[in-house]
Amino acid sequence: EERVDLVLLDLILPKIDGWTVLKELKSNPELSSMPVVVFTASAAVSQRNRALDMGAVDYLVKPLSAANLKETIAHILHRKGRQ
C-alpha cells in the first residue's frame, strides 16, 4: 500500500475549498498525521493562523521560488522521518 508523504493544498479549488479538504484530512484518523502545507496566494495573517490552527504544518504564499518550496518540503519530510 502506497502512502502520501505530504500534501500541498491550495485554498482555492474548483469544486471544494481547501478549508474543507484540510478539515476532512485532519478529522480522518488514517490521514490526520499526514503533513499538509497550505500553498496559496493569500498573505493574510488570519488565514495563516487558521490553517496552522487546523493542523497544517506550514503556510506558503505564492509566488514562491522553487528553491524555497524544495527546502520547505525537504525540511518537513526530514522531520517526519525522525519521528
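This passage describes a predicted model of a protein chain, first as a whole and then through a handful of its residues.

The overall layout makes a friendly starting point. The protein chain holds three helices and three strands, and from the N terminus on these elements follow the order β-α-β-α-β-α. With a radius of gyration of 13 Å, close to the 12 Å given by the globule rule for 83 residues, the protein chain is as compact as a globular protein of that length. Measured out along the principal axes, the C-alpha trace spans about 35 × 30 × 20 Å. Of the 83 residues, 29% count as buried. The surface exposed by the protein chain comes to about 5,700 Å², of which carbon and sulfur atoms supply 54%. Among contacts between residues at least 6 apart in sequence, 47% join residues at least 24 apart. As for charge, there are 11 positive and 10 negative side chains, and the centres of these two sets lie 4 Å apart.

Strand S1 offers a first close look at the residues. Leu-8 lies in this strand, and it counts as partly exposed because its relative accessibility is 39%, a value between the 20% limit for buried and the 50% limit for exposed. Beyond its neighbours within four places in sequence, Leu-8 is in contact with Val-37, Leu-69 and Ile-73. The C-alpha atoms of Leu-8 and Ala-56 are 9.9 Å apart in space, while the two residues are 48 residues apart in sequence.

Asp-10 comes next, in the loop between strand S1 (7-9) and helix H1 (18-27). Two polar contacts of its side chain can be described. One is with the backbone nitrogen of Ile-12, which lies 3.2 Å from a polar atom of the Asp-10 side chain. The other joins the side chains of Asp-10 and Lys-62 at 2.6 Å. When residues within four places in sequence are left aside, the contacts of Asp-10 are with Gly-18, Phe-39, Thr-40 and Lys-62. Lys-62 thus appears both as a polar partner of Asp-10 and in its contact list.

Lys-62 also takes part in a notable piece of backbone geometry: a cis peptide bond joins Lys-62 and Pro-63, with omega at about -5°. Pro-63 itself is found in the loop between strand S3 (58-61) and helix H3 (66-82).

Phe-39, another of the residues in contact with Asp-10, is found in strand S2. Not counting residues up to four places away in sequence, Phe-39 touches Leu-9, Asp-10, Leu-11, Leu-60, Lys-62, Leu-64 and Leu-69. Leu-69 is also among the residues in contact with Leu-8, and Lys-62 is also in contact with Asp-10. Phe-39 and Lys-23, which are 16 residues apart in sequence, have C-alpha atoms 15 Å apart in space.

The loop between strand S2 (36-40) and helix H2 (45-53) completes the tour, with Ser-42 as its representative here. The side chain of Ser-42 reaches the backbone nitrogen of Ala-44 at 3.4 Å. Residues up to four places away in sequence aside, Ser-42 touches Gln-47, Tyr-59 and Val-61.

Terms used:
Residues numbered from 1 in each chain as written. Predicted model: local features only at pLDDT ≥ 70, side-chain atom pairs only at ≥ 80, totals over all residues. Heavy atoms only, no water. Helix = DSSP H or I, 4+ residues; strand = E, 2+ residues; numbered from the N terminus. Polar contact = N/O pair within 3.5 Å; in protein donor to acceptor, adjacent residues only side chain to side chain. Contact = heavy atoms within 4.5 Å. Rg over C-alpha atoms; globule rule 2.2 N^0.38 Å. Buried < 20%, exposed > 50% of the residue type's maximum accessible area, 1.4 Å probe, protein only. Areas by Shrake-Rupley, 256 points an atom, 1.4 Å probe, with all protein chains shown as cover. Lys, Arg positive; Asp, Glu negative; His and termini not counted. Charge placed at Lys NZ, Arg CZ, Asp CG, Glu CD.
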